[in-house]
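User: I'd like to go through some of the labels used for this one and hear the reasoning behind them. Can you take me through it?

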Amino acid sequence: MSTNAFASRGGFSAAGGASGSNEHPSQGGAPPALPAPRSRARIRDIIPCCVNQLLTATLVDNVFKVRGIEVSQVSIVGLIRNVERAPYYVLYKIDDMTTKPIDARHWLGRDKAKQDLTPCPVGVYAKVFGILRGSAEVKSLEVLKIRVLEDMNEFTTHILETVNAHMILAKGLEEAPGQNAPVAPSKVEEVPEGGASNVDFIRKEVLRLIHECPRQEGKSIRDLQTELRSLSVGAIQEALDYLMVEGHIYPTVDREHFKSAD
């Protein structure tokens with residue numbers, strides 16, 4: 001699969017777990033310009049999917065495929081049916097009503113900061129970024145990031161993204177048989193008119209403001225909205241999602257405050 005076609009526009013890259021990096025930010029100096037992530041498992045191509053596609057994916061040469069399309073790093077949106085807390089992970093059951101729920105395991109490791117994270121509650125809709133794991137018979141998601149939906153329009157958007165992405169991928173396979181198909185971007189938010197000219201500019205501005213914030217608890221989403229009045233809430237949230245899964249920022253006292261990891 002193409003390793004850079006999906007990185008443009010709304011594509012996500014991920015580093016580390018769902019809570020982002022736990023490194024402490026450096027103080028002073030110029031803000032980073034979206035440096036390369038340091039994670040062992042970088043996500044370049046995240047394909048929006050439904051749960052049925054994941055659970056029916058075929059395993060060919062240790063690679064999962066959906067109708068011939070290679071899938072590994074994916075995003076899903078669904079209802080949290082059950083949550084089980086274990087010593088080093090949280091196990092979610094995510095149901096998008098396309099088939100039975102899929103297990104999504106969020107590893108916490110031994111890091112105390114992650115151990116103290118409050119799991120998402122049962123009965124809410126969440127967006128999950130993860131890696132498809134398992135065998136031909138049993139499949140699950142290794143969670144990179146999970147967040148509760150703030151707007152149910154995100155559910156509808158995800159369905160449209162899923163249809164669009166797989167249509168483009170299927171067309172790419174037909175046009176270039178035997179080659180890797182281009183990946184359709186998962187656009188969470190269109191670039192607003194006026195002010196910011198592109199998604200990359202928005203991400204850099206959000207990262208700059210977070211990096212420059214001297215407060216111990218970090219920069220709040222409310223402050224970002226105040227200082228970036230020309231941007232929609234969705235555009236700011238998309239930038240935060242991208243920066244967290246890349247490992248450039250991490251949440252502090254709650255999911256509304258962030259500090260720079262660079």
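User: Why is Asp200 called partly exposed?

Analyst: Asp200 has a relative accessible area of 35%. Buried means under 20% relative accessible area, exposed over 50%, and partly exposed in between (1.4 Å probe, protein chains only). So 35% puts Asp200 in the partly exposed class. Keep in mind that this is a predicted model, where local features need pLDDT of at least 70, side-chain atom pairs count only at pLDDT 80 or more, and totals for chains, interfaces and linings use all residues. Residues are numbered from 1 along each chain as its sequence is written, and side-chain values use heavy atoms, with hydrogens and water left out.

User: What makes Lys204 and Asp200 a salt bridge?

Analyst: Their side chains meet at 3.3 Å, N to O. A salt bridge is a side-chain nitrogen of Lys or Arg within 4 Å of a carboxyl oxygen of Asp or Glu, so the pair at 3.3 Å qualifies. Both residues lie in helix H4 (residues 199–212), four residues apart, about one turn of the helix. Helices here are DSSP runs (H or I, at least four residues) and strands are too (E, at least two), numbered from the N terminus. Lys204 is partly exposed at 37% relative accessibility.

User: What about Lys219 and Glu227: which of them is buried, and which is partly exposed?

Analyst: Lys219, at 8% relative accessibility, counts as buried, while Glu227 is partly exposed at 42%. Their side chains form a salt bridge at 2.3 Å, N to O. Elsewhere, salt bridges that share partners join Glu205, Arg208 and Glu212 into one network.

User: How many salt bridges does the structure hold?

Analyst: Eleven. Another one joins Glu154 and Arg147, at 2.6 Å, N to O, and both of those residues are buried.

User: How many disulfides turn up in a search of the whole structure?

Analyst: Zero. The test is a pair of cysteine sulfur atoms within 2.5 Å. As for the cysteines, Cys120 is buried at 2% relative accessibility, and Cys213 is buried too, at 8%.

User: Why is Glu150 called exposed?

Analyst: Glu150 has a relative accessible area of 57%, which is over the 50% cut-off, so the label is exposed. Glu150 lies in the loop between strand E9 (139–148) and H3.

User: Where is Val163, and why is Val163 called partly exposed?

Analyst: Val163 is in helix H3 (residues 153–175). The relative accessible area of Val163 is 46%, so the partly exposed label follows.
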